[in-house]
Amino acid sequence: QVQLVESGRGLVQPGGSLRLSCAASGSIFSINTMRWYCHATGKQRELVAVIMRGGSTNYADSVKGRFTISRDNAKNTVYLQMNSLKPEDTAVYYCKADHSTSWGSVYNYWGQGTQVTVSS
């Protein structure tokens, strides 16, 4: 079993920055693709950013140039650096990790979510 614990929730003014972290723990064999999603009130959950184990990344158009996803494989942790925040970035942010077991199965795990509020 793998647990994901997120941190970095906060209230920031428009134009501000925030850094989210998501650390995986438990019976880890290999954490592969890690993702950040956001879920704003009244909207569907959306994919924000993806990072492969090797470091390749991809972003939603709405955050390109403002958000940066990174990871530390030794710590099984993924980060989301959020700059130039806008009110429309307000949402609960979730991390998701693909975990491969030693016998070749892949399981998806989600964090509990962390609230980001952008408001003046």
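Modeller: Let's start with a definition: two residues are in contact when heavy atoms lie within 4.5 Å. This is a predicted model, in which local features need pLDDT of at least 70 and side-chain atom pairs count only at pLDDT 80 or more, while totals for chains, interfaces and linings use all residues. Residues are numbered from 1 along each chain as its sequence is written, and side-chain values use heavy atoms, with hydrogens and water left out.

Biologist: Thanks! What share of the contacts in the protein chain joins residues 24 or more positions apart?

Modeller: Among contacts with a separation of 6 or more, 52% are of that kind.

Biologist: How do you know what counts as a helix or a strand, and how many of each are there?

Modeller: Both are DSSP runs numbered from the N terminus: H or I over at least four residues for a helix, E over at least two for a strand. By that test the protein chain has 0 helices and 11 strands.

Biologist: Why is the protein chain called as compact as a globular protein of its length?

Modeller: The radius of gyration, taken over C-alpha atoms, is set against the globule rule, 2.2 Å times the number of residues to the power 0.38. The chain's value is 14 Å, and the rule gives 14 Å for 120 residues, so the description fits. Along its principal axes, the C-alpha trace spans about 50 × 25 × 25 Å.

Biologist: Why is N76 called buried?

Modeller: Buried means under 20% relative accessible area, exposed means over 50%, and partly exposed is in between (1.4 Å probe, protein chains only). N76, in the loop between β7 and β8, has 18% relative accessibility, so it counts as buried. Across the protein chain, 44% of the 120 residues count as buried.

Biologist: And what makes the phi of N76 worth pointing out?

Modeller: Its phi is near 50°, a positive value in a residue other than glycine. S84 has a positive phi of about 50° too, and is not a glycine.

Biologist: How do you know which class S84 belongs to, buried, partly exposed or exposed?

Modeller: S84 has 41% relative accessibility, so it counts as partly exposed. S84 lies in the loop between β8 and β9, where K86 is also found. K86 is partly exposed as well, with a relative accessible area of 35%. Leaving aside neighbours within four places in sequence, K86 is in contact with R66 and V118.

Biologist: What makes T41 and D61 count as exposed?

Modeller: T41, in the loop between β4 and β5, reaches 83% relative accessibility and therefore counts as exposed. D61 lies in the loop between β6 and β7, and its 65% places it in the exposed class. The C-alpha atoms of D61 and R71, 10 residues apart along the chain, are separated by 20 Å.

Biologist: What makes a group of residues a nonpolar core, and which members touch the most others here?

Modeller: It is a set of buried Ala, Val, Leu, Ile, Met, Phe, Trp, Tyr and Cys residues joined through side-chain atoms within 4.5 Å. The largest one has 30 residues, with W36, V48, L80 and Y93 touching the most other members. Strands that each supply at least two of its residues include β4 (30–39), β5 (46–51), β8 (77–82) and β9 (91–100). In soluble globular proteins, nonpolar side chains tend to be buried together.
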